[in-house]
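Hi,

Here is the structure I said I'd pass on. Have a look at it first, then read my notes below.

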Amino acid sequence: WKVPCISFVLPEVICKQCNHCRDIDLCKDPFVSTDGTPGQAPVWVCASPECRTPYDTAEIEHLLLDAVQRKTMGYVLQDLTCL
């Protein structure tokens, strides 16, 4: 059996509350919170047992866009040769 979902790990996400740094698996992270509201998007929370503060989703989106831009730039520049 093979997992059908491609996972993406966002490296080194820092909690603003307790400065705990960890990698977040965007598809399979066990530290996801929902408030029970139908249609509400889940929120990733800090993995520190003392904290459990929700991460800022806008910051996670910016980190994800930065990762996409870095991969795109790496692809575009892979065949570039200097004279």
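Before the hairpin, a bit of vocabulary: helices (H or I, at least four residues) and strands (E, at least two) are DSSP runs, numbered from the N terminus, and two strands pair if DSSP finds at least two bridges between them. Also, this is a predicted model, where local features need pLDDT of at least 70 and side-chain atom pairs count only at pLDDT 80 or more, while totals for chains, interfaces and linings use all residues. Residues are numbered from 1 along each chain as its sequence is written, and side-chain values use heavy atoms, with hydrogens and water left out.

Now the hairpin. Strand E1 (residues 9–14) and strand E2 (residues 21–25) run antiparallel and are joined by four bridges. Six residues sit between the two strands, and Asn 19 in that turn has a positive phi of about 65°. Leu 10 has Ile 24 as its bridge partner in E2, and Val 13 stands opposite Arg 22.

Glu 12 is also in E1. It isn't a glycine, yet its phi is positive, about 55°. With a relative accessible area of 59%, Glu 12 is exposed (buried means under 20%, exposed over 50%, partly exposed in between, using a 1.4 Å probe and protein chains only).

Arg 52 is another non-glycine with a positive phi of about 55°. You'll find Arg 52 in the loop between strand E4 (43–44) and H1, and at 39% relative accessibility it counts as partly exposed.

What's on the inside? The largest nonpolar core has 10 residues, including Leu 10, Val 13, Ile 24, Leu 26 and Trp 44. A core here is a set of buried Ala, Val, Leu, Ile, Met, Phe, Trp, Tyr and Cys residues joined through side-chain atoms within 4.5 Å. Leaving aside neighbours within four places in sequence, Leu 26 is in contact (heavy atoms within 4.5 Å) with Phe 8, Leu 10, Trp 44, Ile 60 and Leu 64.

Last, the outside: Met 73, Tyr 75, Val 76 and Leu 77 make a nonpolar surface patch of about 440 Å². Patch residues have over 30% relative accessible area and no salt bridge, with nonpolar side chains (Val, Leu, Ile, Met, Phe, Trp, Tyr) joined within 5 Å and like charges within 9 Å. A salt bridge is a side-chain nitrogen of Lys or Arg within 4 Å of a carboxyl oxygen of Asp or Glu. Met 73 lies in helix H1 (residues 57–76) and is partly exposed at 46%.

Cheers

How values were computed. Accessible areas come from the Shrake-Rupley method with a 1.4 Å probe; for residues, only the protein chains shown count as cover.
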